[in-house]
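Me: I have a model open and would like to go through the fold with you. Can we start with how the elements are counted?

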Amino acid sequence: PVRHSASPAMHNAALEELGLDWTYVACAVDSDHLKEALEGARRMGFAGVNLTVPHKQLAVPLMDVLHPSAREYGAVNTVVFEGEDAEGLWRPVGQLRDPSGPVRLHGYNTDADALVRALGEDLAIESRASRILLLGAGGAARAAALRLADEQVGELWLVNRSMEKAEALAREIAERSLVTDVRLGYPEGDVEVILNATSLGLKESDPLPLDISRFPLTQADGVYDMVYRPAETRLLRAAREAGCRTANGLGMLLYQGAAALELWTGRPSPVETMRRALKAEVYGATS
């Protein structure tokens, strides 16, 4: 649901600070029209695009080139439009003086690294050897699970409405990680963090994404919800009341966006400016 996105506020503040005559806009695109939308962006001279659910997995076969990050995690959240420079090398069109000629789509995943960084900063979670309960098995959850396995988490518990999806993800993790013990269902003991990678929470009427009768929130040190709007979802409110440390997905949004902007521009992103813009957009805060 791109209407809820805070990305335009973040990126436009950054573009202004960088002195670039660019603009970042949110465009609602039906998944059936994703291919046409990307082709239109290519022909209109876009520097790049970000993709949100449900497009991240659908975009993978539509890319001309997949960065190892996108191939590894099976999802594209950042597309860089590239053209050939005078030496015939492919470079981001936003960094070319004359971006005429053929343009290709290069797909990246900047979500996975951003999540690990946000967990560390917002909840002081050291992923290695930790116990994590992951809610969801879709595109966002899959990227999170595989990245956490790469971080060598100790135990990763998967809970999802579709058992088939959870089982498939568990097999994939088991095949690539000799360290992470991946299991289905709710843990019996405590965990360092509950990570919500579902879309439940975007609406106030949404149910909680976990069954607290089977796993009380008091058994978690922290709860991280990838949803950032509303700023405090029902899950985060319940977790706060249960005494958990909590964080929403704003940190993840910040760091994936900063990485995307650097890919498009070739310049360091003004992270603190982007952070302030996000807080103002989501919390109404000015500092």
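Reply: Helices (H or I, at least four residues) and strands (E, at least two) are DSSP runs, numbered from the N terminus. On that basis the protein has ten helices and eleven strands. This is a predicted model, in which local features need pLDDT of at least 70, side-chain atom pairs count only at pLDDT 80 or more, and totals for chains, interfaces and linings use all residues. Residues are numbered from 1 along each chain as its sequence is written, and side-chain values use heavy atoms, with hydrogens and water left out.

Me: What is the radius of gyration of the protein, and what does the globule rule give?

Reply: The radius of gyration is taken over C-alpha atoms, and the globule rule is 2.2 Å times the number of residues to the power 0.38. The protein comes out at 19 Å, close to the 19 Å from the rule for 287 residues, so it is as compact as a globular protein of that length. The C-alpha trace spans about 60 × 45 × 35 Å along its principal axes.

Me: How much of the protein is buried?

Reply: Buried residues are 49% of the 287. Buried means under 20% relative accessible area, exposed over 50%, and partly exposed in between (1.4 Å probe, protein chains only).

Me: Now the sheet. What is the strand order?

Reply: The open sheet has six strands in the order β8-β7-β6-β9-β10-β11, with parallel pairing. Two strands pair if DSSP finds at least two bridges between them.

Me: Which strands are at the edges?

Reply: β8 (181–184) and β11 (245–248), each of which pairs on one side only. Neighbouring strands in this sheet are turned by 20 degrees against each other on average, direction ignored. Axes here are lines fitted to C-alpha atoms, for helices over the stretch in contact, and angles run from 0 to 180 degrees between N-to-C directions.

Me: What goes on around β7?

Reply: β7 (residues 155–159) pairs with β8 in the parallel sense over four bridges. Leu156 stands opposite Val182 in β8. Helix α7 (residues 163–176) lies across β7 and β8, and runs at about 170 degrees to β8.

Me: Different topic: how do α1 and α10 cross?

Reply: The axes of α1 (residues 7–18) and α10 (residues 271–282) come within 8 Å and cross at roughly 145 degrees. The contact (heavy atoms within 4.5 Å) involves Ala9, Met10, His11, Ala13, Ala14 and Glu17 of α1 with Thr273, Met274, Ala277, Leu278 and Glu281 of α10.

Me: Where are the cis peptide bonds at Pro54 and Pro230?

Reply: The bond from Val53 to Pro54 is cis, with omega near 5 degrees. Pro54 is in the loop between β1 (48–50) and α3 (55–58). Arg229 and Pro230 are also joined by a cis bond, with omega about 10 degrees. Pro230 sits in the loop between β10 (220–225) and α8 (234–241).

Me: Why point those out?

Reply: Because most peptide bonds are trans, and most residues other than glycine have a negative phi.

Me: Which residue has a positive phi of about 55 degrees?

Reply: Ala124, although it is not a glycine. Ala124 lies in the loop between α5 (111–123) and β6 (131–135). At 63% relative accessibility, Ala124 counts as exposed.

Me: And what about phi of Gln152?

Reply: Phi of Gln152 is near 65 degrees, again positive in a residue other than glycine. Gln152 is in the loop between α6 (139–150) and β7, and is partly exposed at a relative accessible area of 30%.
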